[in-house]
Amino acid sequence: MVSLTQKRRSPEELSVAFQNQIRALEASCIAYDGGAAWEAMRIATAICVLVHDGGRKNQSLLTRLGLKRTVQFIASGEEISGTNLLQDQPLILIQVGRDGGRYLPKLDNFPEARSLKFGHWWERDLILRSSTMSMTRRKLAFALRNSEGGAHYGQLDDADYIEVQEKPAWFTDKKQPLLGVEAATMRQIGWEILQSIEAAGLRK
């Protein structure tokens with residue numbers, strides 16, 4: 001007798017959900033590129049559904065499909081090492097023009113990608129760092145998903161993320177702060193996920 005309070009997902013259902021989340025991620029990336037910077041929050045949410053495991057009852061779609069170990073995750077920026085007094089931000093570019101400046105995701109505009117196992121890519125490889133702050137993909141995705149409205153709008157409790165928001169690292173010639181480093185970085189992580197899934201032959 002099947003319980004009405006619990007239904008085990010079939011492999012077919014999981015596969016459809018996986019492809020739907022990829023489509024959602026792609027749609028948010030396209031919208032971000034069209035000027036909707038707030039889509040960075042939804043990019044973070046789709047990525048967490050695809051890859052983040054939060055215990056036995058909250059497994060990612062890649063894990064539930066048994067596919068996470070088949071994917072090599074692309075890290076599209078150089079590894080942060082040593083000590084730099086200025087902020088390291090290897091996943092993004094700065095575009096400066098007459099109207100000021102803005103951060104842009106690198107997309108495929110980088111010399112050489114690294115290929116990492118998921119745990120290293122998600123929790124240890126640094127994507128933003130200054131002398132007083134360091135940020136991983138997991139920390140940034142959690143801040144945008146859990147506190148900024150991707151899935152929940154709550155209190156900010158990550159000191160590193162607060163510093164990213166409140167202490168701009170770069171300014172224009174007119175002394176205007178460049179804002180949005182977190183959104184542009186999240187967009188680049190979305191690119192990394194899509195490229196990694198494509199390279200693994202998992203996109204239908």
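1. Let's start with a word we'll use a lot: two residues are in contact when they have heavy atoms within 4.5 Å of each other. Keep in mind, too, that this is a predicted model.

2. Take D125 to begin with. You'll find D125 in the loop between α4 (118-123) and β5 (126-129). Is D125 buried or exposed? Its relative accessibility is 2%, and the cut-off for buried is under 20%, so D125 counts as buried. Leaving out residues up to four places away in sequence, D125 touches A75, E79, R114, L116, H120, M135, T136 and R137.

3. Now look at what the side chain of D125 does in there. Which side chains does it join through polar contacts? One is the side chain of R114, at 3.1 Å. Another is the side chain of R137, at 2.9 Å. Try showing D125, R114 and R137 together on your screen, and you'll have these two polar contacts in view.

4. R137 turns up again when you move to L91, so that's a handy next stop: R137 is among the residues that L91 touches. L91 lies in the loop between β1 (73-75) and β2 (92-97). L91 counts as buried because its relative accessibility is 2%. Setting aside residues up to four places away in sequence, its full list of contacts is S76, G77, P105, K106, I127, R137, T185, Q188, I189 and E192. For a sense of scale, the C-alpha atoms of L91 and P11 are 35 Å apart in space, with their positions 80 residues apart in sequence.

5. Next, a pair of helices. Two packed helices are described by the angle between their axes and the distance between the axes. Here the pair is α2 (residues 39-51) and α7 (residues 181-199), which pack at an angle of about 35°, with axes 9 Å apart. The crossing of α2 past α7 is left-handed. On the α2 side the contact is made by A40, I43, A44, I47, L50 and V51, while α7 brings A183, M186, R187, I189, G190, I193 and I197. Sorted by class, that makes eleven nonpolar residues, one polar and one charged.

6. R187 is worth a closer look, as it is one of the α7 residues in that contact. R187 sits in helix α7, and it is buried because its relative accessible area is 6%. What does R187 touch, not counting residues up to four places away in sequence? The list is C29, Y32, D33, I43, P105 and L107.

7. Follow that list to L107. L107 is in the loop between β3 (100-105) and β4 (114-116). Its phi is near 55°, a positive value in a residue other than glycine. At 26% relative accessibility, L107 counts as partly exposed.

8. Time for the core. In soluble globular proteins, nonpolar side chains tend to be buried together. In this model the largest nonpolar core has 48 residues, and L25, I47, V51, W121, W122, M186 and I193 touch the most other members. Which helix gives the most to this core? That's α2, with nine residues. V51 is a good one to click on: leaving out residues up to four places away in sequence, it touches S60, L62, K68, F73, F118, W122 and I193.

9. Over to helix α1 (residues 11-33), where E13 has its place. E13 is partly exposed, with a relative accessible area of 26%. A polar atom of the E13 side chain lies 2.9 Å from the backbone nitrogen of S10. Beyond its neighbours within four places in sequence, E13 is in contact with K7 and R8. V16 is in helix α1 as well, and it is partly exposed at 48%. V16 and K204 are 188 residues apart in sequence, yet 10.0 Å apart in space, C-alpha to C-alpha.

10. Last stop: L156, in the loop between α5 (137-147) and α6 (159-166). L156 has a relative accessible area of 33%, so it is partly exposed. Apart from neighbours within four places in sequence, L156 is in contact with S147, E148, Y161, I162 and Q165. How far apart are the C-alpha atoms of L156 and R8? They are separated by 35 Å, and by 148 residues along the chain.

Notes:
Residues numbered from 1 in each chain as written. Predicted model: local features only at pLDDT ≥ 70, side-chain atom pairs only at ≥ 80, totals over all residues. Heavy atoms only, no water. Helix = DSSP H or I, 4+ residues; strand = E, 2+ residues; numbered from the N terminus. Buried < 20%, exposed > 50% of the residue type's maximum accessible area, 1.4 Å probe, protein only. Polar contact = N/O pair within 3.5 Å; in protein donor to acceptor, adjacent residues only side chain to side chain. Axes fitted to C-alpha atoms, helices over the stretch in contact; angles between N-to-C directions. Left-handed = near helix turned anticlockwise from the far one by under 90°. Nonpolar A, V, L, I, M, F, W, Y, C, P; charged D, E, K, R; others polar. Core = buried A, V, L, I, M, F, W, Y, C linked by side-chain atoms within 4.5 Å.
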